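Work through the exercises below with the model open. Each solution goes step by step.

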Amino acid sequence: MKTMLSLSINKLLFASPQHGIDAFNVLRGEMHNSTQPYGEINLCDYTGDDLAHVVKSRLALCNRLHITLDKLIMPRQTHSVNVAVVDDQLMALPYDQMTNRLQNVDALVTPLSGVCIGVNTADCVNIVLCDREADIVAVAHAGWRGTANRIALNTVTAMQMLGARPSRIVATMGASICRQCFEVGNEVVEEFAAQHFNLNAMITRNADTGKAHINLQQANAQVLAEAGLDTQNICWNGECSRCNPHAYFSARRLGINSGRTFTGIIRYDMQHLT
């Protein structure tokens with residue numbers, strides 16, 4: 001392993017400029033081939049990678065963001081719809097207690113500046129949100145289960161409890177599996193039907209196989225609109241994790257024992273910007 005890792009990010013843009021907000025996907029970096037399971041950069045510590053490599057990757061990102069390692073916060077995701085608030089109280093906890101608080105959590109919300117919150121995905125939808133007027137930012141991991149059970153709604157609700165307003169919130173989805181690549185069984189379609197999604201807008205069937213293909217980005221956009229966001233403030237960067245194996249991790253290509261694409265958002269205070 002090289003002493004220094006080359007970290008690259010793909011910035012996630014909102015529908016309108018958000019001064020002092022950085023949102024991004026971390027690219028997997030250099031590798032000998034696209035089947036290398038952990039790439040050069042992997043920040044996720046629970047998918048089988050060497051812990052030293054994970055720590056090196058996290059330090060590379062912190063160096064890029066000009067923050068210390070304790071300001072990089074990510075949960076232990078389980079495809080839940082649980083949201084945690086990253087506030088001064090949580091940040092003051094010893095590391096092991098903080099880690100326990102972030103178990104079984106798939107979305108984070110924070111009013112703090114200089115703290116990068118993030119999630120790890122490998123095909124699932126990653127969503128970053130912010131209300132710049134209220135100085136609230138959030139990030140969510142939405143696989144098909146989290147999407148169907150409306151983790152995006154729970155995230156917006158948590159933001160509201162801190163003072164955000166849905167009418168001001170902007171949301172962007174980063175690299176995640178596209179409809180063409182996301183083939184599912186009928187049990188998944190039935191779950192979305194049971195949860196009252198607009199199936200006509202999000203599902204197509206392969207004419208040859210009859211298999212259903214779900215547009216997870218469209219499904220999450222529906223949830224965000226139901227939560228009160230203006231549809232013009234909801235977007236996706238258009239990149240598919242499975243279609244771009246040299247840039248992003250894809251569990252459908254590599255299996256579950258592989259790296260994860262880290263999606264982060266950080267708000268800087270005005271003093272940092274001047």
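**Exercise 1.** Check the length of helix α1 against its expected span.

Solution. Helices are DSSP runs of H or I, at least four residues, and strands are runs of E, at least two; both are numbered from the N terminus. The expected span is 1.5 Å times one less than the number of residues. For the 15 residues of α1 that gives 21 Å. The end C-alpha atoms are 21 Å apart, so the two agree.

This is a predicted model: local features need pLDDT of at least 70, side-chain atom pairs count only at pLDDT 80 or more, and totals for chains, interfaces and linings use all residues. Residues are numbered from 1 along each chain as its sequence is written, and side-chain values use heavy atoms, leaving out hydrogens and water.

**Exercise 2.** Find which residues of α1 are buried, and what they pack against.

Solution. Buried means under 20% relative accessible area, exposed over 50%, partly exposed in between (1.4 Å probe, protein chains only). In α1, the buried residues are H53, V54, S57, R58, A60, L61, C62 and L65. They pack against β2 (21-26), β3 (72-73), β6 (116-121) and β14 (261-267). Contact means heavy atoms within 4.5 Å.

**Exercise 3.** Classify V55 as buried, partly exposed or exposed.

Solution. V55 lies in α1, residues 51-65. Its relative accessible area is 34%, so V55 is partly exposed.

**Exercise 4.** Classify I203 in the same way, then list its contacts.

Solution. I203 is found in strand β11, residues 203-205. Its relative accessible area is 15%, so I203 is buried. Leaving out residues up to four places away in sequence, I203 touches R179, V189, A212, H213 and I214.
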